[in-house]
Amino acid sequence: ALLEEMPDDAAAFLRASGFAARLGAVALVPGRNGIKGAVLGLGDGVGPAAFGALPFGLPEGVVCRFAGPLDSPEDAVLGFCLGAYRFSQLKTRQERAPARLVPPAACGHAAMLASTAWLVRDLINLPANLLGPRELAEAAVAALQPFGAVVEIIEGETLSSSYPMVAAVGAGAARPPLVVRARGGAADASAKLISLVGKGVCFDTGGYDLKPSSGMQRMKKDMAGAAIALGIARLLLACQIPVRLELRLGCVENSVSGNAMRPLDVLRSRRGLTVAVANTDAEGRLVLADLLAEASDAEPDMLLDFATLTGAARTALGPDIAALFSNDDDMAAEIETAARAAHEAVWRMPLHEAYDFYLDGIESDLKNISDKPYAGAVMAALFLQRFLAPGTKWAHFDLFGWNETTRPGRPEGGEAQCMRTAFELVARAARRGKSQDEGGMASAA
């Protein structure tokens, strides 16, 4: 249909060059004075992905605008901006600049989504020598304080007494563990309380259960859950979504030293449960457990946690699909709907209660891994569930936070996986709550 609308010479050129409108394919159309324009292939899909091919598919430094109507200008701008990202600040050599876009009107929301995704990607891509627990905590302060959040950094004796398992995980590192706790959002006490928790292991050696060298290659990204939770919090505050917001990040390193936790050490958790460390490389769930215990005690309307938690989830679903666990069927369905709207991929996994006894300890209340070689992602989620206050509405995202290869809109490296999904979920819940409140007032009147 497009070829029928184009000038004959441009249409003939595209036919002769074999342009087939595959997703992310970019064809430059010649004109009398050089390049007349470009055509972008959208493939069979919808969403922002294809537009991510434009920044480096067009000539360097060119300034462009969309020539025709778009199904979703917001998706187009978001995809373009996501595709323009490259992590190059540590290179001394100048890289080629992306093309630039004059966006359609009223696309500020897409720009905010993209800039926050860039922040999350930057944090994940930074090497561990430049991003330790302190730097991650300070990044949270810098990201949230401009939007009115109250941010605390908890450390030292206060951390050891309040979050004993976070302290145990970080005890082996030269850089001490920290917990970030932030509050912000709506002042109205009747607004929904949304609680976010993120795993911020800035580097994971595996501890005494040491990873092989190949297993450490990407362990700078083991803080991706914290970066993504931080990105969601920033979006909710910046977009003034009418909710009360709490954020907790466990910022630690899992290292080997004389102070590091040992296999079969028994830890006392914030919840009071004792945990045997059956494997020191299953440290992320220890960090999350203390944070989830505190967060759930505040009785949030929705508690979401984000973590690069298990290789088992990646074996099951690969790098692009986040494993979703939830103890609430309605919320799980809402998350799946939000993921489709955000053009992200989640797949619900079972919290299979029949496996729960595999976590029972002998000399402790429970152990941090099962001694059975099955269902590793399910066992991790069941472990976390043990620390929730009764009645908590909870979802756990076991994600990868990384692009294995460069694709349109998704350059190789850190990725803000499920950030848009969670933002969409909370924004929809806030809108739904507001309309219910207004409906109640109207009926009462």
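Student: In which helix does Glu336 lie?

Tutor: This is a predicted model. In this model, the helix that spans residues 329-342 includes Glu336, and that helix is α12.

Student: Is Glu336 buried, partly exposed or exposed?

Tutor: Buried residues have under 20% relative accessible area, and exposed ones have over 50%. Glu336 has a relative accessible area of 28%, so Glu336 is partly exposed.

Student: Which residues is Glu336 in contact with, leaving aside its neighbours within four places in sequence?

Tutor: One partner, Arg348, stands 12 residues apart from Glu336 along the chain, and their C-alpha atoms are separated by 8.2 Å. With near neighbours in sequence left aside, the contacts of Glu336 are Leu324, Val346 and Arg348.

Student: Where is His343 found, and what is its phi?

Tutor: His343 belongs to the loop between α12 and β13 (346-348). Its relative accessibility is 32%, so His343 counts as partly exposed. Although His343 is not a glycine, its phi is positive, at about 60°.

Student: Glu299 also has a positive phi. Is Glu299 buried, partly exposed or exposed?

Tutor: Glu299 is a residue other than glycine, with phi near 55°. Its place is the loop between α10 and β11 (302-307). Since its relative accessibility is 67%, Glu299 counts as exposed.

Student: Which residues of helix α2 are buried?

Tutor: Helix α2 covers residues 8-17. On one side of α2, Asp8, Asp9 and Ala16 are exposed. The buried residues of α2 are Ala10, Ala11 and Leu14. They lie on the same side of α2 because they cover an arc of only 100° around the axis.

Student: What covers the buried residues of α2?

Tutor: The cover includes a helix, α1 (2-5). It also includes two strands, β1 (26-31) and β2 (34-40).

Student: Which residue just after α2 takes a positive phi?

Tutor: The phi in question is about 80°. The residue that takes it, just after α2, is Gly18.

Student: How many residues of helix α4 are buried?

Tutor: Helix α4 runs over residues 73-83 and has 11 residues. Among its buried residues are Asp75, Val77, Phe80 and Leu82. Helix α4 is largely enclosed by the rest of the structure, because the number of its residues that are buried is eight.

Student: What separates the C-alpha atoms of Pro103 and Val77?

Tutor: Pro103 is in the loop between β4 (100-101) and α5 (108-125), and Val77 is one of the buried residues of α4. Pro103 is partly exposed, with a relative accessible area of 45%. The two residues are 26 apart along the chain, and their C-alpha atoms are separated by 6.5 Å.

Student: Which residues touch the most other members of the largest nonpolar core?

Tutor: This core has 81 residues. Its largest share, 11 residues, comes from helix α9 (residues 224-238). Apart from it lies another core, of 45 residues, with Val179, Leu351, Phe383 and Phe387 among them. In the largest core, the residues that touch the most other members are Leu144, Leu196, Leu247, Leu249, Leu304, Phe306 and Phe397.

Student: What is Leu304 in contact with, leaving aside its neighbours within four places in sequence?

Tutor: Leu304 is one of the residues of the largest nonpolar core that touch the most other members. With neighbours within four places in sequence left aside, Leu304 is in contact with Ser195, Leu196, Val197, Met331, Ala395, Phe397, Ala422, Leu425 and Val426.

Student: Which element gives the most to the lining of the second largest pocket?

Tutor: This pocket has a volume of about 580 Å³. Its lining has 28 residues, and Arg285, Leu309, Thr310, Gly311 and Ala312 lie nearest its centre. The elements that give two or more residues to this lining are β7 (193-204), α10 (284-297), α11 (311-317) and α13 (376-385). The element that gives the most, with three residues, is α11.

Student: Which residues line the largest cavity?

Tutor: The largest cavity has a volume of about 30 Å³. The residues that line it are Tyr355, Tyr358, Ser370, Lys372, Tyr374, Ala375 and Met379.

Student: Over which residues does pLDDT stay under 50?

Tutor: The protein has a mean pLDDT of 95, and 97% of its residues reach 70 or more. One stretch stays under 50, and for it the model has zero contacts beyond four places in sequence. That stretch is residues 440-445.

Technical notes: Residues are numbered from 1 along each chain as its sequence is written. This is a predicted model: local features need pLDDT of at least 70, side-chain atom pairs count only at pLDDT 80 or more; totals for chains, interfaces and linings use all residues. Side-chain values use heavy atoms; hydrogens and water are left out. Buried means under 20% relative accessible area, exposed over 50%, partly exposed in between (1.4 Å probe, protein chains only). Helices (H or I, at least four residues) and strands (E, at least two) are DSSP runs, numbered from the N terminus. The arc is that of the directions from the helix axis to the C-beta atoms. Contact means heavy atoms within 4.5 Å. pLDDT is the predictor's confidence in each residue, from 0 to 100. A nonpolar core is a set of buried Ala, Val, Leu, Ile, Met, Phe, Trp, Tyr and Cys residues joined through side-chain atoms within 4.5 Å. On a 1 Å grid over the protein atoms alone, a cavity is a set of points where a 1.4 Å probe fits but cannot get out, and a pocket is an open set with protein on both sides within 12 Å along at least five of seven lines; lining residues have an atom within 4 Å of a point. Grid points are joined across faces, edges and corners, and a volume is the space filled by probe spheres set on the points.
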